[in-house]
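Please consider the protein shown below. How should its folded chain be read, from the whole down to single residues?

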Amino acid sequence: MQWETVIGLEIHAQLATKTKIFSGSDTTFGAEPNTQASLIDLAMPGTLPVLNQEAVRMACMFGLAVDAEIAERNIFARKNYFYPDLPKGYQTSQMDDPIVGKGHMDITLDDGTVKRIGITRAHLEEDAGKSLHEDFNGMTGIDLNRAGTPLLEIVSEPDIRSAKEAVAYVRAIHALVRYLGICDGNMAEGSLRCDCNVSIRPKGQTEFGTRTEIKNVNSFRFIERAINTEIQRQIEILEDGGSITQETRLYDPAKNETRSMRSKEEANDYRYFPCPDLLPVVIERDFLTELKTQLPELPQEKRQRFQAEFGLSEYDAHVLAASREMADYFEQTQQVCGDAKLAANWVMGELSSLLNKDNLEIAESPVSAAQLGGMLRRILDNTISGKIAKTVLEAMAAGEGDADQVIEKRGLKQVTDSGAIDALIDEMLAANADQVEQYRSADENRRGKMFGFFVGQAMRASKGKANPQQVNELLKKKLED
């Protein structure tokens, strides 16, 4: 039987506010356990929450960016459940009246096609604390630093049909929230994590199958692996005559398997009711009008501009606009060197390779955009060749200064004196007289293969400093004479 996968995602983005959603407690990552939990976060008797306006602004920014409906009046509710790391015994969230309603996100698939994924809603809520199971002699420790941290939960429609589509959607959301500056997107620190709702059904069937939820997956690679693993598990169960249990599951990357965590709760299990401590939030139209003027250039707009303004290919524009940091780095580089295509090639190629080797993000690059642009200028004015430039890049990354300093210090300036190159080639041809005779007596096809040998010998004799274009032109002339 052929099966169709149906996937819906719930992405939790930690908003980049300085303080928590209902208190003035700090949200900085990595603090000592329980040093950033105030009496309000702990719901001590007599305390009252005060809504963080910056969290509301960030949620509205997201809504505008995904062309969503933004509720003029939204309400906070209490979601009741009991976990050791939930000090209040409830989570303040939004249920019936979320701040952001229906919107959409367009994703680009591997074959270049664009698919629109619906966004059901995005609502504000507070995070819970964290249970720690290590180094406590078999007991569980509770860290409440995260309790009260502002989250925006982004819920997709069940429009996703494969694990690769799911990853493309999460990447698109990840890029968007970073462009907007509302979330740092650091998945390793839990700033952005994903719940994956997965079901399968016979191909052609319109009714949804029973879904399972894979909780808190925190990397693009694990999202793809977890979904594919769960799809295969469900197929095997159904093809063996069994049935799928609606439940919450955890993904174990070490064993590449999902395992049952608890039965899946429905909304009524949480006994939602309006929070009596918080007034309804009214979003004024003038506020949204002002926010629209503050929206940055978004990824899709940037891709289109890169193609139109710089003549880049669709692929190059897509790669460079994948993150705001990458896009900014590229633009600064091309402004310095004046050649967009050359800048794009080096940012996506040699620089990215250098960063990947040291597991660095582009924001952590040891070579600044100004330094890279300055080096590319030296390629354009024939001071150095592209091959020598790789050596210069490595030297700049090692802290030896800018391109001009490295070129001067290491004596890497390209030889462009035609007289010097001419003499060098004469000497090389004299040393390879037999190969010259073989070349001149060979047919065109054989000559083409042999020509590379002479170019290599000439470049080796010059220690890579001769201008390759001049070497090619002079060699061709001398060999044909």
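The dialogue below moves from the whole chain to a sheet and then to two residues.

Q: What should be known about the model before reading it?
A: This is a predicted model, in which local features need pLDDT of at least 70, side-chain atom pairs count only at pLDDT 80 or more, and totals for chains, interfaces and linings use all residues. Residues are numbered from 1 along each chain as its sequence is written, and side-chain values use heavy atoms, with hydrogens and water left out.

Q: How many helices and strands are there in the protein?
A: Helices (H or I, at least four residues) and strands (E, at least two) are DSSP runs, numbered from the N terminus. The protein has 15 helices and 15 strands. Its radius of gyration is 30 Å, well over the 23 Å given by the globule rule for 481 residues, so the protein is more spread out than a compact globule. That radius is taken over C-alpha atoms, and the rule is 2.2 Å times the number of residues to the power 0.38. The C-alpha trace spans about 95 × 55 × 55 Å along the principal axes.

Q: Which residues of the protein count as buried, and what percentage do they make up?
A: Buried means under 20% relative accessible area, exposed over 50%, and partly exposed in between (1.4 Å probe, protein chains only). Buried residues account for 48% of the 481 residues.

Q: In what order do the three strands of the open sheet lie?
A: Two strands pair if DSSP finds at least two bridges between them. The order in this open sheet is 4-3-14, with antiparallel pairing. Strand 4 and strand 14 (273-274) are the edge strands, each pairing on one side only. Strand 3 (residues 77-80) is joined to strand 4 by four bridges, and asparagine 80 has tyrosine 90 in strand 4 as its bridge partner.

Q: Is aspartate 252 buried or exposed?
A: Aspartate 252, which is found in strand 12 (residues 247-252), is buried, with a relative accessible area of 15%. Contact means heavy atoms within 4.5 Å. Apart from neighbours within four places in sequence, aspartate 252 is in contact with Glu257 and Arg259.

Q: Where does methionine 95 lie?
A: Methionine 95 is in the loop between strand 4 (90-93) and strand 5 (103-108). Methionine 95 is partly exposed, at a relative accessible area of 25%. From methionine 95 to arginine 446 the separation is 351 residues in sequence and 75 Å in space, C-alpha to C-alpha.
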